[in-house]
Number of protein chains: 2
Amino acid sequence: MESHTPFSSGSIYIVIFVTLSTQSLLMISKKTKYALNALVHLAKKFEQGPVLISYISEQENIPQKFLEAILLDLKNAGILASKKGKGGGYYLIKPPEEVNVADVMRLLDGPIALLPCVTYKYYERCEECKDEETCGIRDVFMAVRNETVQILKQNTLASIIGKESVQK
Amino acid sequence: MESHTPFSSGSIYIVIFVTLSTQSLLMISKKTKYALNALVHLAKKFEQGPVLISYISEQENIPQKFLEAILLDLKNAGILASKKGKGGGYYLIKPPEEVNVADVMRLLDGPIALLPCVTYKYYERCEECKDEETCGIRDVFMAVRNETVQILKQNTLASIIGKESVQK
DNA sequence: ATAAACTATACCAAATTAGTAGACTTTTGG
DNA sequence: CCAAAAGTCTACTAATTTGGTATAGTTTAT
């Protein structure tokens, strides 16, 4: 009798790898990630004239229509400017040293804090909290927020580009 | 002719204050917040027998059915245990010094990181990233993650209760 | 045995994200 | 001066997640 072990010749095995994308609650949005990539791209071409949306979209792997909305936000925030018509595009108007990650995140994802009661500009009381003054949980997340904002403020488009050139 | 200015007598004005709740993308879920409050509650009664779900729900302002699901998660994670029937309830089995905020957050909200490529246990490549080795953006968020996890690990139920007793 | 208490399963509504589609306006090179 | 290139505006949509609720059990102490 013929043996039919797995992997015997004559059989076809199909192996499927499933990668489940686990964008968790606490992570920054694609919008912010795209924005940072686009900004770094534009920072590398600072003062070299406008760059096409379609070109950034292609180079940075960002859906064009989505990118258009993002660049518009950044323009309205005074970080970028645009030129219409032939030969137009987007370009950075703030020096790369002056655009920090915290500002970009706040613009696109809102306040940087793990609890509404520890945000800087958009403070809001925690509904279920009984006494904020003595809330030990709040203290923990206040510490996290302070450290986080400090790091994100220190890092600008210029410093990001600086890090990229250092091979590890 | 009678004058009908606003605020003249005889009119009723209804003023509505709308508080829009701005739970932003980056914040922890209510689930985690509720879990922390419930755990602190139970930690204060460590080794004093089981506490009713309904009592915790009432005291901590947590919808009972939602709380039941949360406590079950914490039980399955080995932090709490329960006793059924009359005189039953939930109680902490790990000492309050051994339950830290990072573990609770990871359990209920998933990985603590602002980018999938800087998580510790659930690492995932950023799709749009071209070269992770030299990615300057990654470096920034790696630094944030490390600081955040360090702070959250340092803080336990015991240390939170300790902070609460200090009046500010 | 019975009622208190936890457990399991299955829904559901609202909000948010990550887009897409398409029409419109502005500008400039030829 | 006009046509095509390029940015802008408005509206829609599909999928996912959160924050629940409802109902029907099962277990256990008194």
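What rotation superposes chain A on chain B? In this predicted model, the rotation is 180°, with 0.0 Å of shift along its axis. The RMSD of the superposition is 0.0 Å. That is the relation of a two-fold axis. Within chain A, Leu26(A) has the C-alpha nearest the axis, at 2.3 Å. Both copies use the same surface: 98% of the contact residues of chain A recur in chain B.

The interface between the chains was examined next. Contact involves 53 residues of chain A and 52 residues of chain B. About 5000 Å² is buried between the two chains. Carbon and sulfur atoms give 61% of that area. Three residues, Leu26(A), Met27(A) and Glu128(A), supply 14% of the area that chain A buries against chain B. No other three residues supply more. Leu26(A) thus appears twice in this account, at the axis and in the buried area.

Charged and polar pairs also span the interface. One salt bridge is counted between chain A and chain B. It joins the side chains of Glu60(A) and Lys130(B), with 3.3 Å from N to O. Three residue pairs are in polar contact across the interface, both residues of each pair being at pLDDT 80 or more.

Several helices of chain A form the side that touches chain B. At least two residues each come from α1 (30-44), α2 (53-60), α4 (101-109), α5 (136-154) and α6 (157-165). The largest share, 11 residues, comes from α5(A). By type, the residues on this side of chain A are 26 nonpolar, 13 polar and 14 charged.

DNA strand D is surrounded by residues of both chains. There are 26 residues around the strand, and Glu68(A), Lys75(A), Gly89(A), Tyr90(A) and Lys65(B) come nearest. Sugar and phosphate make up 79% of the atoms of DNA strand D that come within 4 Å of the protein.

Individual polar atoms approach the strand's backbone. A polar side-chain atom of Tyr34(B) lies 3.0 Å from a phosphate oxygen of DNA strand D. For Gly89(A), a backbone N or O atom lies 3.3 Å from a phosphate oxygen. A polar backbone atom of Gly85(A) is 3.4 Å from a sugar or linking oxygen.

Elements of both chains give two or more residues to the surface near DNA strand D. In chain A they are α3 (64-76), β1 (80-83) and β2 (89-92); in chain B they are α1 (30-44) and α3 (64-76). α3(A) gives the most, with four residues. The surface near DNA strand D holds 11 charged, eight nonpolar and seven polar residues.

Key
Residues numbered from 1 in each chain as written. Chains lettered and ligands numbered in written order. Predicted model: local features only at pLDDT ≥ 70, side-chain atom pairs only at ≥ 80, totals over all residues. Heavy atoms only, no water. Least-squares fit on C-alpha atoms with pLDDT ≥ 70 in both. Contact = heavy atoms within 4.5 Å. Near = heavy atom within 4 Å. Polar contact = N/O pair within 3.5 Å; in protein donor to acceptor, adjacent residues only side chain to side chain. Nonpolar A, V, L, I, M, F, W, Y, C, P; charged D, E, K, R; others polar. Buried area = accessible area lost by both parts, 1.4 Å probe. Salt bridge = Lys/Arg side-chain N within 4 Å of Asp/Glu carboxyl O.
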